[in-house]
Amino acid sequence: SSGINAEYGEKIENIQRFFTRRIADCKGKNYWERLEHLQILSLQRRRERYMIIHMWKIYQGLATNSTNISFYVHQRHGPKAVVPRLITTAQKSVQTLRDASFGVRAAQLFNRMPDDVRLAPSLDSLKVRLGDILATVPDIP
């Protein structure tokens with residue numbers, strides 16, 4: 001994300017950095033090594049995980065679709081979220097805000113998930129499948 005949200009996100013991430021630095025087992029490790037050692041996600045990764053879960057809930061009708069996100073079912077790849085289009089003449093600041101919005105960012109993350117994640121039959125199975133996928137992707141900036 002960008003602007004004020006990125007600034008707050010970094011401040012919150014710094015709190016986690018501060019506290020993980022004080023754990024005896026983590027002495028001498030950098031932040032990303034501490035997260036891996038403690039088997040916890042960065043706050044950015046947690047936000048991304050939440051966005052994917054929330055998009056799945058919207059698709060399943062389990063959460064209110066207050067941002068009017070629409071979905072379609074691809075013949076080979078299953079459900080996909082429609083990423084809102086940008087007016088090509090929009091100012092750079094508008095493009096940046098659009099790219100950081102939930103409707104765009106969450107749709108992009110949801111669409112990048114493998115079919116078996118997007119097609120999970122229950123919330124619990126979604127979380128397990130999503131956890132398995134995220135475990136294979138390095139949690140570094």
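In the predicted model, helix α4 (residues 92–100) packs against α5 at an angle of about 50°, and the two axes lie 4 Å apart. The two helices are therefore oblique to each other. On the α4 side the contact is formed by R98, D99 and A100, and on the α5 side by F102, V104 and R105. In general, a pair of packed helices is described by the angle between the axes and by the distance between them.

A second packing arrangement involves α5 and α3. The axes of α3 and α5 come within 9 Å and cross at roughly 90°, an angle that makes α3 roughly perpendicular to α5. In α3, the residues that take part are E48, M51, I52, H54, M55, W56 and I58, and they meet F102, R105, A106, A107, L109 and F110 in α5. F102 and R105 of α5 thus appear in this set of contacts and also in the contact with α4.

Helix α3 itself has 18 residues, which at 1.5 Å a residue should span 26 Å; the end C-alpha atoms are 26 Å apart, in agreement with that expectation. The buried residues of α3 are L43, R45, E48, M51, I52, I53, H54, M55, W56 and I58. Charged residues are included in this list, among them R45 and E48. E48 is also one of the α3 residues that meet α5. Helix α3 is followed by G61, which has a positive phi near 80°.

The largest nonpolar core of the model contains 19 residues, and those with the most contacts inside it are M55, A81, L126 and L130. Two or more residues are given to this core by each of α3 (43–60), α5 (102–112) and α7 (123–135). The largest share, 6 residues, comes from α3. In soluble globular proteins, nonpolar side chains tend to be buried together. M55, one of the residues with the most contacts inside the core, is also among the α3 residues that meet α5. L126 touches I53, W56, V117 and A120, residues up to four places away in sequence not being counted. Of these partners, I53 and W56 are listed among the buried residues of α3.

Helix α7, in which L126 is one of the buried residues, has 13 residues and reaches 18 Å from its first C-alpha to its last, close to the 18 Å expected at 1.5 Å a residue. The buried residues of α7 are S125, L126, L130 and L134. They cover an arc of only 160° around the axis, which puts them on the same side of α7. An α-helix has 3.6 residues a turn, so residues three or four places apart point the same way. The face turned away from this buried side carries the exposed residues D124, V128 and A135. The cover over the buried residues of α7 includes α3 and α6 (115–118).

At the level of the whole chain, 7 helices and 2 strands are present, and they follow one another in the pattern α-α-α-β-β-α-α-α-α. The C-alpha atoms fill a box of roughly 50 × 40 × 25 Å along the principal axes. Of the 141 residues in the chain, 30% are buried. Among contacts with a separation of 6 or more, 50% are accounted for by residues 24 or more positions apart.

R17, located in helix α1 (residues 3–21), counts as buried because its relative accessibility is 16%, under the 20% limit. R17 touches E10, Y31, W32 and R34, with residues up to four places away in sequence left out of the count. R17 and S42 are 25 residues apart in sequence, and their C-alpha atoms are 9.3 Å apart in space.

Two loop residues other than glycine were found with a positive phi: Q39, near 55°, and N68, also near 55°. Most residues other than glycine have a negative phi. Q39 is found in the loop between α2 (31–38) and α3, whereas N68 is found in the loop between α3 and β1 (71–74). Q39 counts as exposed because its relative accessibility is 73%. N68 is likewise exposed, with a relative accessible area of 67%.

Definitions and conventions
Residues are numbered from 1 along each chain as its sequence is written. This is a predicted model: local features need pLDDT of at least 70, side-chain atom pairs count only at pLDDT 80 or more; totals for chains, interfaces and linings use all residues. Side-chain values use heavy atoms; hydrogens and water are left out. A nonpolar core is a set of buried Ala, Val, Leu, Ile, Met, Phe, Trp, Tyr and Cys residues joined through side-chain atoms within 4.5 Å. Buried means under 20% relative accessible area, exposed over 50%, partly exposed in between (1.4 Å probe, protein chains only). Contact means heavy atoms within 4.5 Å. The expected span of a helix is 1.5 Å times one less than its number of residues. The arc is that of the directions from the helix axis to the C-beta atoms. Axes are lines fitted to C-alpha atoms, for helices over the stretch in contact, and angles run from 0 to 180 degrees between N-to-C directions. Angles under 35 degrees count as roughly parallel, over 145 as roughly antiparallel, 65 to 115 as roughly perpendicular and the rest as oblique.
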